[in-house]
Every structure is written in structure tokens, then in C-alpha cells.
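Student: I would like to go through this model with some care. Could we take its reliable and unreliable parts first, and then its sheets and ligand surroundings?

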Amino acid sequence: MQYNLWIAICIICTYQEAVYALPGGAPTGACTTMMPRHSNGANGFLASQSLASSPYTLMASKRNYTSTEAITVWVVDSRASSDRGYRGLLLQARKVSSSAPVGTWMNVPADTKLITCSVANDAVTHSNTMVKNESSVYTWKAGGNHGNIEFVITTAQSRSTFWVQQKSGMLMHSSASVSTSTTFSLLFGILCMAIF
Ligand SMILES: *[C@@H]1O[C@H](CO)[C@@H](O)[C@H](O)[C@H]1NC(C)=O
Ligand SMILES: *[C@@H]1O[C@H](CO)[C@@H](O)[C@H](O)[C@H]1NC(C)=O
């Protein structure tokens, strides 16, 4: 009886391990910590690399965001082109100093997929272990004013080498779109030229 119980526990533990090392993407259990739980072969998990050692930079197409405009986000890699890229990721936009994702992602690139942490499609993860690079561009919309936000990503180069919760610069909410105001200045300039 005792023996059967231990076998059952071992099967459950092995199954849990498989779930946390999924090559098909981060499980929603990782939404808050964004920490991959890759087994170290003993009783624990592999540690992340220090963020200072990360070859990646998380870029955003805008310095501020509006409620409705799409913003694109991508990862630049400082290494030589033959070494560039990452295989696993978990990407969210977060209110600064909060772990809750905000906004939604759409039109995800090849080899990635949308997942739901708190609301539908508020995070992106890998769908396989193919290499992703700066051509993998992620599209996000705020859908409202979330105050100051930042993009946060965990990237895995391999099962044992990963960087957790790397951040973009901070973005503030702005009510007028940047492109609209640029267009407005341009029209205003043309109007002034026509008058004077
Ligand atoms: C990104 O990876 C794809 C597929 O491996 C490759 O075709 C493309 O040239 C790479 N792009 C850059 C900018 O390195
Ligand atoms: C971002 O928005 C803030 C507040 O609305 C504004 O003060 C700042 O100038 C904006 N910065 C850029 C780069 O648009």
C-alpha cells in the first residue's frame, strides 16, 4: 500500500517536471515570477543569469503610449550575427512596480503564441524552440490608461541560460497620438507658409 502511494507520488512529480520544462511555451503558473522552472537534475531549479550579463535589449517603437495605438516590441541582440537569437520567451506589459500584465498582444510572429495570465492575450510565449530574433516583432495595444508601464520579458537562449524579467524603458500614457500631433504641426506649418 505504502509502496503504491510512493509510485503515485513519483508519477505526479515527474508529470509536474514535464509541465515546467515545456518546449511549447511558458505555463500560466509562470505569469507572475516569469521564472522558468528548469530542473537542475537534483531537487531544485536552474538559476537565471544576471541581467547585467544579458546580450538582449527590449525595444519599443514608441516612448509613450495611447489607449488605442499599436506599439511594436522586439528584442535586439548585441552578439555576432551567428550567435544571435533566443528560443524561449515570456513577454508582458506591466504597470511599473506591479506584476499584473496590462493591455493585449495581437498578430504574434511565427514560433510564438498568445496566452492568458489575467485577461485574454495579455502575454506572449514561444510555441516551439526555433530561434527567434529581431525579426520577431510583437504588437501590443493598451486599451486604456494604465499609468506608467514597461515591457517585461524573460528570454531563454537554452534550457540552462536564461534572463528573467528584463525591462524596456518606461512609457507614460498620453491622450494624443504622437503621429497625429506630428501631422498637425506639419499641416499648421504649411498653413503658415500659405498665409505669410
Ligand atoms: C532571423 O531568423 C530568421 C530565421 O532563422 C532568418 O531568416 C532571419 O534572417 C533572421 N533575421 C535577422 C535580422 O537576423
Ligand atoms: C510622454 O508623455 C508625458 C506625459 O503625457 C509628456 O510629458 C512627455 O513629454 C511625453 N514624452 C514623449 C517622448 O512623448
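**Confidence and architecture**

Tutor: Over residues 179-196 pLDDT, the predictor's confidence in each residue from 0 to 100, stays under 50, and the model has one contact for them beyond four places in sequence, a contact being two residues whose C-beta atoms, placed from the backbone, lie within 7 Å. This is a predicted model, in which local features need pLDDT of at least 70 and side-chain atom pairs count only at pLDDT 80 or more, whereas totals for chains, interfaces and linings use all residues. Residues are numbered from 1 along each chain as its sequence is written, and chains are lettered from A and ligands numbered from 1 in the order in which they are written.

Student: What is the average pLDDT of the protein?

Tutor: Residues 9-20 also stay under 50, with four contacts beyond four places in sequence. Where pLDDT is low, the predicted coordinates should not be read in detail. Across the protein, 79% of the residues score at least 70, and the average pLDDT is 85.

Student: Which pattern do the helices and strands follow along the sequence?

Tutor: The protein has two helices and ten strands, taken as DSSP runs numbered from the N terminus (helices H or I, at least four residues; strands E, at least two). Read along the sequence, they give the pattern α-β-β-β-β-β-β-β-β-β-β-α.

Student: Which strands stand at the edges of the open sheet of four strands?

Tutor: Two strands are taken as paired if DSSP finds at least two bridges between them, and on that basis the four strands have the order β1-β3-β8-β5 with antiparallel pairing. Each edge strand has a single partner, so one side of each is left without a neighbour in the sheet, and these strands are β1 (56-60) and β5 (104-106).

Student: Which residue of β8 is the bridge partner of T104?

Tutor: Strand β8 (residues 138-141) runs antiparallel to β5, and three bridges join them. Strand β8 also pairs with β3 (residues 70-77) over four bridges, where I71 has W140 as its partner. For T104, the bridge partner in β8 is K141.

Student: Which side chains of β8 are buried?

Tutor: A residue is buried if 20 or more other C-beta atoms lie within 10 Å of its own, exposed if 12 or fewer, and partly exposed in between, with C-beta atoms placed from the backbone. Along β8 the side chains alternate, with T139 and K141 pointing to one face and not buried, while those that point to the other face and are buried are Y138 and W140.

Student: In the open sheet of six strands, which residue of β7 stands opposite L90?

Tutor: The six strands have the order β2-β10-β9-β4-β7-β6, and their pairing is mixed. Within this order, β4 (residues 88-95) and β7 (residues 123-126) pair in the antiparallel sense over two bridges. Opposite L90, in β7, stands T125.

Student: Which residues surround ligand 2?

Tutor: A residue is counted here if its C-beta atom, placed from the backbone, lies within 6 Å of the molecule. The shell divides into one nonpolar, two polar and one charged, and its residues are R63, N64, M172 and S174.

Note on methods:
Ala, Val, Leu, Ile, Met, Phe, Trp, Tyr, Cys and Pro count as nonpolar, Asp, Glu, Lys and Arg as charged, and the others, Gly among them, as polar.
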